[in-house]
Amino acid sequence: MTDFYFVIANNKTLIMLDKNQIAQRIARELKDGFYVNLGIGIPTLVANYIPQGMNVTLQSENGLLGMGPFPFEGEEDADLINAGKQTITTLPGSSFFDSAMSFGMIRAGKVDLTVLGAMEVSENGDIASWKIPGKLVKGMGGAMDLVASAKNIIVAMMHTNSKGESKLLKRCQLPLTGINCVKKIVTNLAVIEVTENGFRLLEKAPGVSVEEIKSKTEGNLIVDGEIPEMEIG
Amino acid sequence: MKKVYNNADEAIFDIPDASTLMLGGFGLCGIPENCITALVKKGVKSLTCISNNAGVDDFGIGLLLKKNQVKKMIASYVGENAEFERQLLNGELEVELIPQGTLATRCLAAGYGIPAIYTPAGVGTEVAEGKESRVFKGKEYLMEYAFDADFALVKAWKGDRDGNLIYKETARNFNPPMAMAGKITIAEVEELVDAGQLDPDHIHTPGIYVHRIFQGSDYEKRIEQRTVRKQI
């Protein structure tokens, strides 16, 4: 993929990933046989980049394992939706279950990977994703259950908010969704691991400098040696 | 005891003002459409509604909100509903937001005769405020109580005259745990058959949990997000 966004900031040209490329990078974390729950937004796009031949089963927390693609026009079924309330299809091997069992399998750690969006992540792995004080609150949905139980949580988000402020913080400012739970963050600028000592830079987006990432990361960022560029696709 | 009723109006005849109701469904999928319409018609007020979502402006629980019949909403996600927002901002409506898995499992606990559950959802967040917690194997869990609902209103695909229920696809969602949790459970089904017509191996909710059942009519089954892919 060479289809990058070019953004002019601080009088220099940065190359950063678009949402699809973030999803594409996250897809590289998938392993054969994984059961995966994808949140709404960028995480949903990960489904488009599951490598050919890899067997990954998508869980939709409203009660489906084995979520298939959107239906063809005219084949929509009102009784068959995903957690984003979109019409979907099943696949060979799909199964249905109720909401209590759905969160049962989530709590019991049966889901191998959860990918979700966030407003803020702190260097100890806390996540804030559901509420902005002063703005109307729509609810946490299943996010609190997912982050409290998932073995492996990857956050997919932009590195900074619309005001250009870092979303990778020492401490989250917004009300929390869960604590000490995020393992990895993939942003438009970097891949970052959450460690006991803070954020650790694993990869940088093509053309983005370590300094750029550092300047846009408020939390402690550990940079060990040469940082490779992200491989996408 | 007779479980079969002719329609929603008859099945909900004794739901009084200030009841606590559970309403099955996820978004607009698998909601008890006929019962909601009958509640609007009956005009019961000051309801506490336990449901994953609050419908949209002109469908689902949104219809009850529009008529100011809901005093309190207990949900995990209230979504896009302008009337809901207006009532909330005006202080006309009380809202308790709880994690979706906690919501489902508090229903399940009621149906299983378990007074409370322990869940990690919400630990360290404002959801934990004022709640008892306990550590098991080094991990903290919140104690959450089983729901106490006067009536559970659920929607199934097929049912028989003994109250056995089968749901369809993802329209199952909250319906089975809620069906188990109501002091009185009222099930509306798309197709009501005689006992013996459903394979006992295929029953999702055994009739013991269902007190009243009727065959619904005129299902709209509105789709909230119609998404399609292109024919290649």
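This is a short conversation about a predicted model with a chain A and a chain B.

Visitor: What makes chain A and chain B partners in contact?
Guide: Contact requires heavy atoms within 4.5 Å. By that rule, 47 residues of chain A are in contact with 51 residues of chain B.

Visitor: How is the area buried between chain A and chain B described?
Guide: The size of an interface is often given as the accessible area lost when the parts come together. Here the area buried between the two chains is about 4,200 Å², and carbon and sulfur atoms give 60% of that. Asp79(A), Lys85(A) and Lys138(A) supply 19% of the area that chain A buries against chain B, more than any other three residues.

Visitor: Why is the pair Lys168(B) and Asp79(A) called a salt bridge?
Guide: The cut-off is 4 Å between a side-chain nitrogen of Lys or Arg and a carboxyl oxygen of Asp or Glu. The closest N and O atoms of Lys168(B) and Asp79(A) are 3.7 Å apart, so the pair qualifies. Between chain A and chain B the count is 6 salt bridges.

Visitor: How many residue pairs are in polar contact across the interface?
Guide: The rule finds 23 such pairs between chain A and chain B, with both residues at pLDDT 80 or more. On the side of chain A that touches chain B, helix 3 (99–107) and helix 4 (143–149) of chain A each supply at least two residues. By class, that side of chain A has 22 nonpolar, 14 polar and 11 charged residues.

Visitor: Why does Cys181(A) form no disulfide?
Guide: A disulfide needs two cysteine sulfur atoms within 2.5 Å. The closest cysteine sulfur to that of Cys181(A) is in Cys172(A), at 9.1 Å, which is too far for a bond. Over all chains, the count comes to 0 disulfides.

Visitor: What makes Cys181(A) buried?
Guide: Buried means under 20% relative accessible area. Cys181(A) has 4%, so Cys181(A) is buried.

Visitor: What about Cys107(B)?
Guide: Its sulfur is 13 Å from the closest cysteine sulfur, in Cys49(B), which is too far for a bond. Cys107(B) has a relative accessible area of 0%, and is therefore buried as well.

Visitor: Which residues of helix 2 of chain B are buried?
Guide: In helix 2 (residues 33–42) of chain B they are Glu33(B), Asn34(B), Cys35(B), Ile36(B), Ala38(B) and Leu39(B).

Visitor: What covers the buried residues of helix 2 of chain B?
Guide: The cover includes helix 1 (8–11), helix 3 (61–66) and strand 8 (149–160) of chain B. After helix 2 of chain B comes Gly43(B), with a positive phi near 75°.

Key: Residues numbered from 1 in each chain as written. Chains lettered and ligands numbered in written order. Predicted model: local features only at pLDDT ≥ 70, side-chain atom pairs only at ≥ 80, totals over all residues. Heavy atoms only, no water. Buried area = accessible area lost by both parts, 1.4 Å probe. Polar contact = N/O pair within 3.5 Å; in protein donor to acceptor, adjacent residues only side chain to side chain. Helix = DSSP H or I, 4+ residues; strand = E, 2+ residues; numbered from the N terminus. Nonpolar A, V, L, I, M, F, W, Y, C, P; charged D, E, K, R; others polar. Buried < 20%, exposed > 50% of the residue type's maximum accessible area, 1.4 Å probe, protein only.
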